[in-house]
Amino acid sequence: MLMIYNNPEAWEVLSHEERDGLVGEARELVAELAASGEWVGGEALAARSRSRTVQARDGGLMITDGPFIEAKEHLAGYCVLDCATEERALEIAARWPDARICAVEIRPIEPPRAPADGT
């Protein structure tokens with residue numbers, strides 16, 4: 001999985017042409033990955049102002065607005081890929097436009113675990 005991080009401050013200093021160019025690059029990369037069979041899916045996430053964090057502790061529930069951590073960067077979207085190797089996933093992550101502005105994290109998805117009762 002590619003986890004795409006963004007920094008709104010870095011995005012805001014870009015011109016409309018630069019933003020459109022980056023979005024176009026991402027669309028081209030998705031089309032390429034779909035054609036190669038490596039694209040499984042992915043989505044942009046809503047603005048971090050629409051996120052809520054839920055914490056359950058000691059029988060209590062706390063729900064707060066926004067992401068859990070206070071940081072300039074936030075998770076902006078994700079892509080699920082089916083890559084033959086970790087090196088290929090790193091190559092794709094390096095080509096994702098947000099890697100030049102903030103960061104793209106890659107992390108394997110663990111296969112589902114069978115329930116303890118075997119069903």
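Let me start with the contacts in this protein, where, among those between residues at least 6 apart in sequence, 71% join residues at least 24 apart. I should say at once that what we have here is a predicted model.

As for the elements themselves, the secondary structure comes to four helices and six strands, and from the N terminus on they run β-α-α-β-β-β-β-α-α-β. The radius of gyration is 17 Å, well over the 14 Å that the globule rule gives for 119 residues, so the protein is more spread out than a compact globule. Taken along the principal axes, the C-alpha atoms fill a box of roughly 50 × 40 × 20 Å.

Turning to the surface, 25% of the 119 residues count as buried, and the protein exposes about 8,500 Å², of which carbon and sulfur atoms supply 54%. On the charges, there are 12 positive and 22 negative side chains, with the centres of the two sets lying 4 Å apart.

I would like to spend the rest of my time on helix 3, which covers residues 86–95 and whose buried residues are Arg 88, Ala 89, Ile 92 and Ala 93. Seen down the axis of helix 3, these buried residues fall within an arc of 140 degrees, so they line one face of the helix. An α-helix has 3.6 residues a turn, so residues three or four places apart point the same way. On the other side of helix 3, Glu 87 and Ala 94 are exposed.

And what do the buried residues of helix 3 pack against? Their partners are strand 1 (2–6), helix 2 (16–36), strand 5 (74–81), helix 4 (98–101) and strand 6 (103–106).

Key: Residues numbered from 1 in each chain as written. Predicted model: local features only at pLDDT ≥ 70, side-chain atom pairs only at ≥ 80, totals over all residues. Heavy atoms only, no water. Helix = DSSP H or I, 4+ residues; strand = E, 2+ residues; numbered from the N terminus. Rg over C-alpha atoms; globule rule 2.2 N^0.38 Å. Buried < 20%, exposed > 50% of the residue type's maximum accessible area, 1.4 Å probe, protein only. Contact = heavy atoms within 4.5 Å. Areas by Shrake-Rupley, 256 points an atom, 1.4 Å probe, with all protein chains shown as cover. Lys, Arg positive; Asp, Glu negative; His and termini not counted. Charge placed at Lys NZ, Arg CZ, Asp CG, Glu CD. Arc of directions from axis to C-beta.
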